[in-house]
Amino acid sequence: MKLSKMHVKTLREVPAEAEISSHILLLRAHMIRKLVSGVYGFMPFGSRVLRKIEAIIREEMDAKGAQEILMSAVQPAELWQESGRWQAYGPELWRIKDRNQRDFCLGPTHEEIFTDIARNEINSHRQLPQNLYQIQTKYRDEKRPRFGLIRSREFIMKDAYSFDKDWEGLDQSYRDMYDAYARIFTRCGLEFRAVEADSGAIGGSNSHEFCALSEVGESQIAYCDHCDMAATTERAACVDEQAPAEAELALEEVLTPDTKSIEDLCAFLHIEQKKTIKALLFEIADSEKYKYVAAFIRGDRELNMIKLINALDIPEYAIEFADEAAMGEKTGAVGGFTGPMGLHDCCIVVDSELLAAKNMVAGACKTDHHVKNVNYGRDYKGDIVAELKVIKEGDPCPQCGAPVKMTRGIEVGQVFKLGTKYSEPMGAVYKDESMEEKPIVMGCYGIGVTRTMAAIVEQHHDENGIIWPVSVAPYHVIVTLVNSTDPVQSALAEELHDRLEAAGLEVILDDRDERAGVKFKDADLIGIPVRITVGKKAGDRIVEYKLRADKASVDKEAEQAIADAVEFISARRRG
Ligand code: ATP
Ligand code: MG
């Protein structure tokens, strides 16, 4: 392929809206093109990378016996009403109406559709197990689309759904997908970790996220060097600190003027944060039970929103910080001075660590006042008691007690054991050997294909541009012709291009009428693994050979350059 004929327009400047390397470089290299916020198109180079990632995914899915199908992005509301998610998915669900005002959505994921396939087309145990997958465009009207392909509103996902007779079958299907994912991300050149995760809006019992390690990742990962514990901080269990045994002292109200924060309170009373109870106040949308929630944790801890949402059994979008004045009127809460005593008409959620904590200082639900010697059981009770803490670096590992470490990652895939979460409400059943009807046991497995492309760039770039791993590179070799008006140079460059192509490599020839400096900059930006430059020494059949990942180039005889490029690429093209 000749670059002069390709539809490519690289950018020198950093696009204003791009903050992170993958977003900047994918735009600058003209791999992607923004249409509106969170919606991108794929240009020739980008589209080739995408097809390569998809090919790796297909190979590994097919190797596990999964079958590819392709469903529509348009989904009827009725199926979502049946599963209960028309309501529960919230504003991220991109809803549309047809000309007759019938409701539809653009699928953010396809559990309902695949469960519908199963209930209509699977009836016997003889048809199980099965795994169906697709590579298809998804829509999520994200609150904050950002980071280019990492959090977009339209993106490509590989989603797979497994159907089994029982939980043992699901365990095997889940392991197969876990293995396939590990192979896929390894072949894509990613350094990643599979970590235990919360199952979020998809639901189910057991889940792992595959995270590409990266400082810009939105998943925070807690892991242990001494055992195999690795989990998102949303999910990681936090060990309750054993409070020293103390006799319960009498309650004592104290004047604590202007001590709205835990820091101010501790400075004023000369106590440790550990001896205080912190209140966090929330409002829940469309809740039949409680409009307001007061959550209590030890003053030195951070509240884990996902654990709170799970404890309340509400969708993530439905909770917000409360308007303190409005909540105060209804419940007796007093901003900055709220404690678990004196509240009414709200749900009190208490972190499990507080149960054994003795003689704590809490807000008095009275301006400028706190109460000393507050004890769980004697002085207050929770409507819900749950472990609500965010794990921190150095906290004891929930499995072995060693100090926990932290890192960050980009979630590129997630696997879920759904069990019968969808098959029961939607009536996806099969007849077992004794003709008894049983719900199909399901799993689901997603890979963000476009997000994976961005994650690869995050891990493989330098200050000059992208450094594609060979397995997903848009082309293997770029032959840079220094002077396209020189017939000797042109002839050798064309010969190299043709011979490398004949050897089965994917090659572009930069034959543009540009200065050599511009061509080198573009080659670095686009990130083709091997560059062969044909310049002044073409008469002697000497070319310059350079790997994108290396700083230095070496002069080689043309034959040698061809042989080396073929060898280098062949060894790496499968990833
Ligand atoms: P996140 O927590 O990042 O919002 P999620 O857990 O909601 O993602 P899943 O429902 O697990 O996402 O979807 C499967 C995969 O699809 C994710 O692992 C991720 O790689 C990808 N994905 C999800 N949302 C987006 C998005 N807005 N843009 C690009 N890729 C996405
Ligand atoms: Mg996920």
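**Exercise 1.** Which helix and which strands each supply at least two residues of the lining of the largest cavity?

*Solution.* The model under study is predicted. Begin with the inventory: the structure holds one cavity of 30 Å³ or more, and the space in the largest cavity amounts to about 40 Å³. Next, list the lining, which consists of I478, A523, D524, I528, P529, V530, R531, K546, L547 and R548. Finally, assign secondary structure: at least two lining residues come from each of helix 13 (516-526), strand 29 (530-534) and strand 30 (542-547).

**Exercise 2.** Determine how the lining residues of the largest cavity divide into nonpolar, polar and charged.

*Solution.* Asp, Lys and Arg belong to the charged class, whereas Ala, Val, Leu, Ile and Pro belong to the nonpolar class. Applied to the lining, this scheme gives six nonpolar, no polar and four charged residues.

**Exercise 3.** Identify the residues that coordinate the magnesium ion (ligand 2), and classify the exposure of E411 and Q414.

*Solution.* The donors are E411 (OE) and Q414 (OE1), at 1.9 to 2.2 Å from the ion. For exposure, the cut-off for buried is under 20% relative accessible area. Q414 is therefore buried, at 9%. E411, at 22%, is partly exposed.

**Exercise 4.** Describe the open sheet of three strands that contains strand 4.

*Solution.* The strand order is 4-6-5, and the pairing is antiparallel. Strand 4 (74-76) and strand 5 (94-97) are the edge strands, each pairing on one side only. From one strand to the next, the twist averages 40°. Strand 4 and strand 6 (residues 103-106) are joined by three bridges; within this antiparallel pair, V74 stands opposite L106 of strand 6.

Technical notes: Residues numbered from 1 in each chain as written. Chains lettered and ligands numbered in written order. Predicted model: local features only at pLDDT ≥ 70, side-chain atom pairs only at ≥ 80, totals over all residues. Heavy atoms only, no water. Donors = N, O, S within 2.8 Å, 3.2 Å for Na, K, Ca; no water. Buried < 20%, exposed > 50% of the residue type's maximum accessible area, 1.4 Å probe, protein only. 1 Å grid on protein atoms, 1.4 Å probe; cavity = no way out; pocket = protein on both sides within 12 Å on 5 of 7 lines; lining within 4 Å. Points joined across faces, edges and corners; volume = space filled by probe spheres on them. Helix = DSSP H or I, 4+ residues; strand = E, 2+ residues; numbered from the N terminus. Pairing = 2+ DSSP bridges. Axes fitted to C-alpha atoms, helices over the stretch in contact; angles between N-to-C directions.
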